[in-house]
Amino acid sequence: MEIVDRFLAAVVSPDPGDLADCYAEHVVIEMPFAVPGLVPPRVETTREELRARFRAGTAVRRYTELSGVRVHECADPATVVLEYDVHGLMHATGERFVLRFVMVMTLRDGLIAHTRDYTDPIAGARALGRLPELANALAGG
């Protein structure tokens, strides 16, 4: 599947535009394991807003490689399930991290129109130095 290959290559591309270009003009991103108050569990956004978000992320961290990639095609050809680990580096500290993902993609016209991203919010907060914020959000503050 061309879009899946493009997406996986774009995750580790130094140009955040490469990743944004994999998405439809309007996209829905759901994160069922998101911690309310830290990360919204559902975002309806545009490709250009994603481009700005991805660009901001590259100022803080760099994804350097993928591992454990598994692509699962589904009975519905518009749905793909990906499993992958993202290895990265925090610019400020030089600290390396690994984030594991399972992503359910819904495709429309060869682009990603909807995702459900399943990842460990603790590992994400740790990698981004946001554990205190995570603890506060979990405590209801």
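In this predicted model, helix α3 (residues 47-60) contributes seven residues to the lining of the largest pocket, more than any other element. That pocket holds about 1100 Å³ of space. Of its 42 lining residues, Met-31, Arg-53, Arg-61, Tyr-63 and Phe-101 come closest to the centre. Sorted by class, the lining comprises 30 nonpolar, six polar and six charged residues.

Arg-51 also belongs to helix α3. With a relative accessibility of 15%, Arg-51 counts as buried, because the cut-off for that class is under 20%. Its side chain makes a polar contact of 2.8 Å with the side chain of Asp-21. Beyond its neighbours within four places in sequence, Arg-51 is in contact with Pro-16, Gly-17, Ala-20 and Asp-21.

A second polar contact between side chains involves strand β6, where His-114 lies. The side chains of His-114 and Glu-30 are joined by a polar contact of 2.5 Å. His-114 is at 17% relative accessibility and therefore counts as buried. Not counting residues up to four places away in sequence, His-114 touches Val-27, Val-28, Glu-30, Val-104, Met-105 and Thr-106.

Helix α1 (residues 2-11) has a buried side made up of Ile-3, Val-4, Phe-7, Leu-8, Ala-10 and Val-11. Viewed down the helix axis, these buried residues fall within an arc of 165°, so they line one face of α1. An α-helix has 3.6 residues a turn, so residues three or four places apart point the same way. The face turned away from the buried side of α1 carries Glu-2 and Asp-5, which are exposed. The partners against which the buried residues of α1 pack are the helix α2 (16-20) and the strands β1 (23-30), β3 (61-73), β4 (79-90), β5 (96-108) and β6 (111-119).

One residue of this buried face, Leu-8 in helix α1, can be followed further. Leu-8 counts as buried because its relative accessibility is 13%. Leaving aside neighbours within four places in sequence, its contacts are Leu-66, Val-69, Leu-82 and Tyr-84. Leu-8 and Leu-99 are 91 residues apart in sequence, and their C-alpha atoms are 14 Å apart in space.

Two loop residues complete the account. Leu-128 lies in the loop between α4 (121-127) and α5 (131-138). Its relative accessibility is 37%, so Leu-128 counts as partly exposed. Setting aside neighbours within four places in sequence, Leu-128 is in contact with Arg-61 and Met-90. Arg-61 is also one of the residues closest to the centre of the largest pocket. Met-90 is 38 residues from Leu-128 along the chain, with 7.7 Å between the two C-alpha atoms.

Asp-109 is found in the loop that runs between β5 and β6. Its phi angle is near 55°, a positive value in a residue other than glycine. Asp-109 counts as exposed because its relative accessibility is 75%, and the class begins over 50%.

The accessibility values for the individual residues are collected below.

| Residue | Relative accessibility | Class |
|---|---|---|
| Leu-8 | 13% | buried |
| Arg-51 | 15% | buried |
| His-114 | 17% | buried |
| Leu-128 | 37% | partly exposed |
| Asp-109 | 75% | exposed |

Definitions and conventions:
Residues are numbered from 1 along each chain as its sequence is written. This is a predicted model: local features need pLDDT of at least 70, side-chain atom pairs count only at pLDDT 80 or more; totals for chains, interfaces and linings use all residues. Side-chain values use heavy atoms; hydrogens and water are left out. On a 1 Å grid over the protein atoms alone, a cavity is a set of points where a 1.4 Å probe fits but cannot get out, and a pocket is an open set with protein on both sides within 12 Å along at least five of seven lines; lining residues have an atom within 4 Å of a point. Grid points are joined across faces, edges and corners, and a volume is the space filled by probe spheres set on the points. Helices (H or I, at least four residues) and strands (E, at least two) are DSSP runs, numbered from the N terminus. Ala, Val, Leu, Ile, Met, Phe, Trp, Tyr, Cys and Pro count as nonpolar, Asp, Glu, Lys and Arg as charged, and the others, Gly among them, as polar. Buried means under 20% relative accessible area, exposed over 50%, partly exposed in between (1.4 Å probe, protein chains only). A polar contact is a pair of N or O atoms within 3.5 Å; within protein, one must be able to donate a hydrogen and the other to accept it, and residues adjacent in sequence count only if both atoms are side-chain atoms. Contact means heavy atoms within 4.5 Å. The arc is that of the directions from the helix axis to the C-beta atoms.
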